[in-house]
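Please open the structure in your viewer and keep the selection panel at hand. The tour below moves from one selection to the next and says what is there.

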Amino acid sequence: MTGLKALLFDKDGTLVHFDHTWGPAAGAVMRALARDDPHALKRLEEVSHYLPEESRFLPSSPLVAGSSAHYGPQWAQCLGRQADTAFLTEIDRLFSDEGLKALTPLGRPADVLGHFHRQGMRLGIVTNDAEANSRLQAEALGLTPFLDLIHGYDSGFGSKPGPGMVSAAAERLGLAPHQTAVIGDSAHDMAAAHSAGARFILVRTGPAPVEHLYDAADLVVDSIDDLPARLAAAA
């Protein structure tokens, strides 16, 4: 993969362990929103494809790759609330608080990003999480010193699988899209990359099966820890 000058990382399932972080966090958020209504809680768990006994999601969950803008209307319906900005903001705030409590990295993200930063590679995060929460998690993981940008679903560029946040990142960095690669664990990540004209590196660390994406990815790695050696070999 010659000519790469920027790496844009998805966050959940790529830098952050999805089940260990968002499984416990989601259970706490749903309980907070349902308050003392067990029927409302059950409805939230069902539409979220969430297994409360195991504190994890099924791969089919809309929360695996979507933002609160995607699943929020379903949650609002379960709770008899309006799916307005105030409700989505409440969801994001609750997830931000609970996600930090359970934050679990995948591999050694600070070491990996530090390696590429020292090489002069431009680095960013492109995620369907909220930007503010992504910044908090990046800081907690020690990634902030290495990052040129963080784009969330609410940063003004749209959410994945749309190309907006990837295209905006390339433009901000002054690079052609083909000089950037998105590293992610889902079809949403790949669609965002390829529709923006960027390359796509698939990591096998997400919560959903990805074997069907192998042929379409530009590179497949077990985790981000493998990236330095794999990209050096492919240069």
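In which sense, right-handed or left-handed, does α4 pass α6? In this predicted model, select both helices and look along the contact: α4 passes α6 in a right-handed crossing. The axes of α4 (residues 85-102) and α6 (residues 131-140) come within 10 Å and cross at roughly 15°, which makes α4 roughly parallel to α6. Show the side chains next, and you will find Ser 96, Gly 99 and Leu 100 of α4 meeting Asn 133, Leu 136, Gln 137 and Ala 140 of α6. The residues of this contact comprise three nonpolar, four polar and no charged ones.

Now select α3 (residues 68-79), whose buried residues are Ser 68, Tyr 71, Gly 72, Trp 75, Ala 76, Cys 78 and Leu 79. These buried residues lie on the same side of α3, because they cover an arc of only 155° around the axis. Adding α1 (18-34), α2 (38-47) and α4 to the view brings in part of what covers them. Following α3 comes Gly 80, with a positive phi near 70°.

The last stops concern the backbone in loops. Most residues other than glycine have a negative phi, and most peptide bonds are trans. His 49, in the loop between α2 and β2 (50-51), nevertheless has a positive phi of about 55°, and at 29% relative accessibility it counts as partly exposed. Ser 55, in the loop between β2 and β3 (56-57), has a positive phi near 50°, and with 30% relative accessibility Ser 55 is also partly exposed. Finally, select Lys 160 and Pro 161, which are joined by a cis peptide bond with omega about 20°; Pro 161 lies in the loop between β5 (149-151) and α7 (164-173).

Key: Residues are numbered from 1 along each chain as its sequence is written. This is a predicted model: local features need pLDDT of at least 70, side-chain atom pairs count only at pLDDT 80 or more; totals for chains, interfaces and linings use all residues. Side-chain values use heavy atoms; hydrogens and water are left out. Axes are lines fitted to C-alpha atoms, for helices over the stretch in contact, and angles run from 0 to 180 degrees between N-to-C directions. Helices (H or I, at least four residues) and strands (E, at least two) are DSSP runs, numbered from the N terminus. Angles under 35 degrees count as roughly parallel, over 145 as roughly antiparallel, 65 to 115 as roughly perpendicular and the rest as oblique. A crossing is left-handed if the near helix is turned anticlockwise from the far one by less than a right angle, and right-handed if clockwise. Contact means heavy atoms within 4.5 Å. Ala, Val, Leu, Ile, Met, Phe, Trp, Tyr, Cys and Pro count as nonpolar, Asp, Glu, Lys and Arg as charged, and the others, Gly among them, as polar. Buried means under 20% relative accessible area, exposed over 50%, partly exposed in between (1.4 Å probe, protein chains only). The arc is that of the directions from the helix axis to the C-beta atoms.
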